[in-house]
Amino acid sequence: MGNRKTRLLVIGLLLGVLIVIVYKTLYPEHRNIAAQSVDFILSANELTQEMSQSEMAKKYGDKVIHTYGRISAITGNIITLEDGVVVNLLDISGHVLEIGDSIAIKGRCIGYDDLLEEVKLDQASIIQE
Amino acid sequence: MPYFWTALLLLAKRMIKHTFLWISILIFSHELRAQKVISRQGHVAFFSYTSVENIKAENNQVLGIVDLQHGDIAVSMLMNAFIFEKALMREHFNESYVESDIFPKATFEGTIQDFDANQQEDQTRIVKGNFSMHGVTKELEIKARIEHVNENYIISGTFEAVVKDYEIKIPPLLAGNIAKTVSVDFRFECLPYED
């Protein structure tokens with residue numbers, strides 16, 4: 001009697017673990033850019049220069065980039081570095097940012113917009129002010 | 001005497017030339033002042049409804065520029081910036097469907113038909129133009145609503161896009177999960193643009 005109970009319990013547990021594993025592989029978590037390691041480090045000017053060549057989209061696209069430069073514009077949580085890199089910051093609370101400040105950020109490169117000749121980064125966090 | 005007339009004629013000519021120049025500068029600078037409006041955080045979302053599952057993706061970093069004088073509109077969106085509910089959907093979308101490493105963005109270039117930038121009331125207009133995605137360009141006619149609030153213009157609307165039109169291949173296994181036609185919502189809050 002007790003034997004059958006333990007067997008059922010073990011099967012149930014295994015089934016549960018299996019379901020969790022299947023679910024995790026089917027639905028992986030979203031990337032946490034702030035916690036991921038940096039793929040490339042380069043200045044805002046270098047990044048704009050690089051991304052203006054269309055064949056570079058493949059190299060930097062969706063990669064984690066550490067970039068730095070002077071702030072040339074601020075709109076809400078979006079800052080522009082050196083008139084060329086538009087950074088969408090996840091959280092600006094606790095930071096006082098002003099135009100002209102030098103800043104280093106880490107974010108995901110989503111691509112280059114040739115309409116305004118800007119590189120775009122999102123899910124960015126401030127590394128150093 | 002002939003010399004006097006020649007001199008007078010020259011003077012008159014120069015005055016006319018300068019007047020034209022000044023008038024054109026005046027008109028031109030006046031037009032330049034608020035000729036374009038821009039939206040840097042334009043919103044584009046698409047929805048795919050099937051009996052198996054509903055998929056929704058949003059992009060809040062779409063660029064839109066409107067030339068108020070001619071009603072010309074240019075939109076540019078990066079495919080990588082679409083946010084999905086599930087990370088795997090995003091992966092499939094970027095890697096298999098729109099191939100965003102090869103075709104990183106979608107663009108729309110068109111004209112708002114019969115657009116009147118001075119009209120204060122809301123206007124519903126047809127926007128005619130070319131939409132490019134995944135290396136395919138389609139001519140579209142999209143109905144859009146334009147609200148004019150102070151110096152800002154809010155352009156919004158919905159249209160349907162047929163997945164097959166853009167040569168997007170869905171594996172047979174997932175064919176039931178993704179709609180044949182997705183509905184696309186857009187909203188651009190455009191502010192005056194200075195170069």
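**Entry 1: chain A, layout**

I started with the order of elements in chain A, which from the N terminus reads α-β-α-α-β-β-β-β-β. That makes three helices and six strands. A reminder to myself: this is a predicted model.

Next I looked up the overall dimensions. The C-alpha trace of chain A spans about 75 × 40 × 20 Å along its principal axes. I checked the radius of gyration against the globule rule: a compact globule of 129 residues would come out near 14 Å, while chain A has 22 Å.

Then burial and surface. I get 36% of the 129 residues of chain A as buried. The chain exposes about 7,800 Å², with 57% of it supplied by carbon and sulfur atoms. For contacts at a separation of 6 or more, I noted that 59% come from residues 24 or more positions apart.

I also looked at charge. Chain A carries 12 positive and 17 negative side chains. The centres of these two sets lie 22 Å apart.

**Entry 2: chain B, layout**

Over to the other chain. From the N terminus, chain B runs α-β-β-β-β-α-β-β-β-β-β, so I have two helices and nine strands to keep track of.

Its C-alpha trace spans about 95 × 35 × 25 Å along the principal axes. The radius of gyration is 24 Å, and a compact globule of 195 residues would be near 16 Å.

I find 43% of the 195 residues of chain B counted as buried. The accessible surface comes to about 11,800 Å², and carbon and sulfur atoms own 58% of that. Among contacts between residues at least 6 apart in sequence, 58% join residues at least 24 apart.

For charge, chain B has 19 positive and 26 negative. Their mean positions are 5 Å apart.

**Entry 3: cysteines**

How many disulfides does a search of the whole structure find? I get zero over all chains. While there, I looked up two cysteines for burial. A:C109 has 0% relative accessibility, so I log A:C109 as buried. B:C190 has a relative accessible area of 1%, and therefore B:C190 is buried as well. The cut-off I used for buried is under 20% relative accessible area.

**Entry 4: helix 2 of chain B**

I spent some time on this helix, which covers residues 87-97. Which of its residues are buried? My list is B:A87, B:M89, B:R90, B:F93, B:N94 and B:Y97. The spacing in that list made me jot down the helix rule: an α-helix has 3.6 residues a turn, so residues three or four places apart point the same way.

What do these buried residues pack against? In chain B, I find strand 1 (36-49), strand 2 (54-67) and strand 4 (83-84). From chain A, strand 5 (102-113) joins them.

**Entry 5: A:R31**

I picked A:R31 next and found it in the loop between helix 1 (2-26) and strand 1 (40-43) of chain A. Buried or exposed? Its relative accessible area is 30%, so A:R31 goes down as partly exposed.

I then listed its contacts, leaving aside neighbours within four places in sequence. Within chain A, A:R31 touches A:Q36, A:D62, A:V64, A:R108 and A:Q123. B:R90 is in contact with A:R31 too, and B:R90 is one of the buried residues of helix 2 of chain B. For the pair A:R31 and A:Q123, I noted 92 residues of sequence separation and 9.7 Å from C-alpha to C-alpha.

**Entry 6: positive phi**

Last, backbone angles. Most residues other than glycine have a negative phi, and I logged two glutamates that go the other way.

A:E82 isn't a glycine, yet its phi is positive at about 50°. I located A:E82 in the loop between strand 3 (78-81) and strand 4 (85-89) of chain A. At 31% relative accessibility, A:E82 is partly exposed.

B:E99 is also not a glycine, and its phi is positive, near 45°. B:E99 comes just after helix 2 of chain B, in the loop that leads from that helix to strand 5 (105-112). With 25% relative accessibility, B:E99 is logged as partly exposed.

Note on methods: Residues are numbered from 1 along each chain as its sequence is written. Chains are lettered from A and ligands numbered from 1 in the order in which they are written. This is a predicted model: local features need pLDDT of at least 70, side-chain atom pairs count only at pLDDT 80 or more; totals for chains, interfaces and linings use all residues. Side-chain values use heavy atoms; hydrogens and water are left out. Helices (H or I, at least four residues) and strands (E, at least two) are DSSP runs, numbered from the N terminus. The radius of gyration is taken over C-alpha atoms; the globule rule is 2.2 Å times the number of residues to the power 0.38. Buried means under 20% relative accessible area, exposed over 50%, partly exposed in between (1.4 Å probe, protein chains only). Contact means heavy atoms within 4.5 Å. Accessible areas come from the Shrake-Rupley method with a 1.4 Å probe; for residues, only the protein chains shown count as cover. Lys and Arg count as positive and Asp and Glu as negative; His and the chain ends are not counted. The place of a charge is taken as NZ of Lys, CZ of Arg, CG of Asp or CD of Glu. A disulfide is a pair of cysteine sulfur atoms within 2.5 Å.
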